[in-house]
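Me: Could you walk me through this model, starting with how its interior is packed and then moving on to its charged pairs?

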Amino acid sequence: FSYQAWDQSPFQPSSTIIDAVISLYGQHDVSAIKEHAVPQENIDKCFHSVVAEIEAAHAAKRHEIIIVSGAPGAGKTLVGLRLAFHKPFRSDAVYVTGNTPLVKVLNGSLKRSYLGLCANKRTKVLGGYTRGGVKFVTKNTDFKIVSANRFLEAARGRRGLVREFGRPESTDGGILIFDEAQRTYAKGQIVNRHELDEDEALLIADEMSHRSGSILVLLMGHNQHINTNEMGAIAWLGAAKAKGWSYAVSDETLALEEFSQDREWKTCQLRVQIEHTHLSHSMRDQKTRNGELERWAHCVMTNQPGEAAQIAHTLPATSAIWITRELSAAKQWANNRRQGEDRCGLIGSGQGFRLRADGIFVGEKPEIVPWMLEPSGDVRSSNMLEQTQNQYQIQGLEIDYAIVCWDADLRREASGWSCYKLNGAGWTAACKEHETRCNSYRVLLTRSRKGMVLFVPTGDLAGEDKTRDPEFYNGIADYLVQCGARVLQL
């Protein structure tokens, strides 16, 4: 035994600590973090299909990748959380995501839920621990739900120890549930201030390959790439092939554009057939929207105004898509609709820097947990309509009533959408970012559960500020009206 290896090794939570964390969360349903309207039948079928495949892989003692795909809001995260807290798996399952804000909000919400249950004497506090021990466990409850960067950093540390001392044995995280798994980077990319020495998917698969019978459950969205240099879902199949792992993927998933370009994946001997693991329709707020919002956003971003208008006109009046040129009107709209525990908030593109002239600061990046969870009256709360979250902070999360703020970084031209980036005193074309920018606005347009108003500024009517030319904004507003957005009149 090397004391140096032990002293320099990254911290690994012991089974007793994990059991304590589970006791925090195991006494209430994690799917109740926030009210949702995803059909339980779809979630159940997907969940049971993945559970059966994990059990089969364990019985065969094989490493395997299992892919769950779906549209925004289709329930992928709920499936992942349910797997992470499934009683037979939860001592060995870790929920990992490339979406750090989601990690923070999930853990913040779970902690608050537990504390609320304790306050109402509906659950037991941790037993068998000192006061300091309880404090330590509650502070470190994110062992169960962690960011991908944190997991990769720990893996990198272990690889360094392997070279110097030999591989330390660890069975923690034998089942890794990876949300937003399409967000992986290629070899050479800088992640956490380090250059990747292999593709990120391959690095994670390599780390998991040293754990007996390890399983990777990948939760993948489509049309959600908002960062440049992301490799996408296909990187994981390449990693499986490189490591000789089996991969379970449905025909519906392989029919998606990112997979369909290479038919090899469907007939490969490593493939395992699986069903019910593609959640095809988002069902956010099923009672009022019936999952049509995502289809509308797709038509808007793919230059299909006629189809978008048809979808918009089918929405009930209570969940219509509105547009205004006045921020004060948008705020009044949101405040008038929000009731009880409903949340409203300002969201905008991370490149929408000229929204600053209207008092909207997309680069501020306020703390996401209080923004999402604090009540009205707290200046950090989204309900105060003061701080703005951009697509990187809000992806994977949702609010009841969203004010989507649209800047000239994505504007209408003769060919359709054109992408720009503010460079010094003016806008410059950013053609290479076109896909990710369109997907960024697609994310923004699909964050609301109950209603949405689009705020498009009027620009500088005096003509002094060339970065806020009214023609930029008029073109955007006119197009959105063509797409079925109703002009807000209070």
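Me: Happy to have this in front of us! Which residues does L445 touch, leaving out those up to four places away in sequence?
Reply: Bear in mind that this is a predicted model. L445 belongs to the largest nonpolar core, where it is listed with W296, V300, W406, L454 and L480 as touching the most other members. With residues up to four places away in sequence set aside, the partners of L445 are L293, W296, A297, V300, M301, V404, W406, M452 and L454.

Me: Nice. Which helix gives the largest share of this core?
Reply: The core in question holds 76 residues. Its largest share is 7 residues, and they come from helix α3 (residues 40–60).

Me: On to charges: is E64, the salt-bridge partner of R62, buried or exposed?
Reply: The side chains of E64 and R62 form a salt bridge with an N to O distance of 2.5 Å. R62 is partly exposed because its relative accessibility is 24%. For E64 the relative accessibility is 0%, and the cut-off for buried is under 20%, so E64 is buried.

Me: And how many residues apart are D465 and R354?
Reply: Their side chains meet in a salt bridge at 2.7 Å, N to O. D465 sits in the loop between β18 (448–455) and α19 (470–482), while R354 is in the loop between β12 (344–348) and α16 (368–373), so the pair links distant parts of the chain. D465 counts as buried at 18% relative accessibility, and R354 does at 12%. The separation along the chain is 111 residues.

Conventions
Residues are numbered from 1 along each chain as its sequence is written. This is a predicted model: local features need pLDDT of at least 70, side-chain atom pairs count only at pLDDT 80 or more; totals for chains, interfaces and linings use all residues. Side-chain values use heavy atoms; hydrogens and water are left out. A nonpolar core is a set of buried Ala, Val, Leu, Ile, Met, Phe, Trp, Tyr and Cys residues joined through side-chain atoms within 4.5 Å. Buried means under 20% relative accessible area, exposed over 50%, partly exposed in between (1.4 Å probe, protein chains only). Helices (H or I, at least four residues) and strands (E, at least two) are DSSP runs, numbered from the N terminus. Contact means heavy atoms within 4.5 Å. A salt bridge is a side-chain nitrogen of Lys or Arg within 4 Å of a carboxyl oxygen of Asp or Glu.
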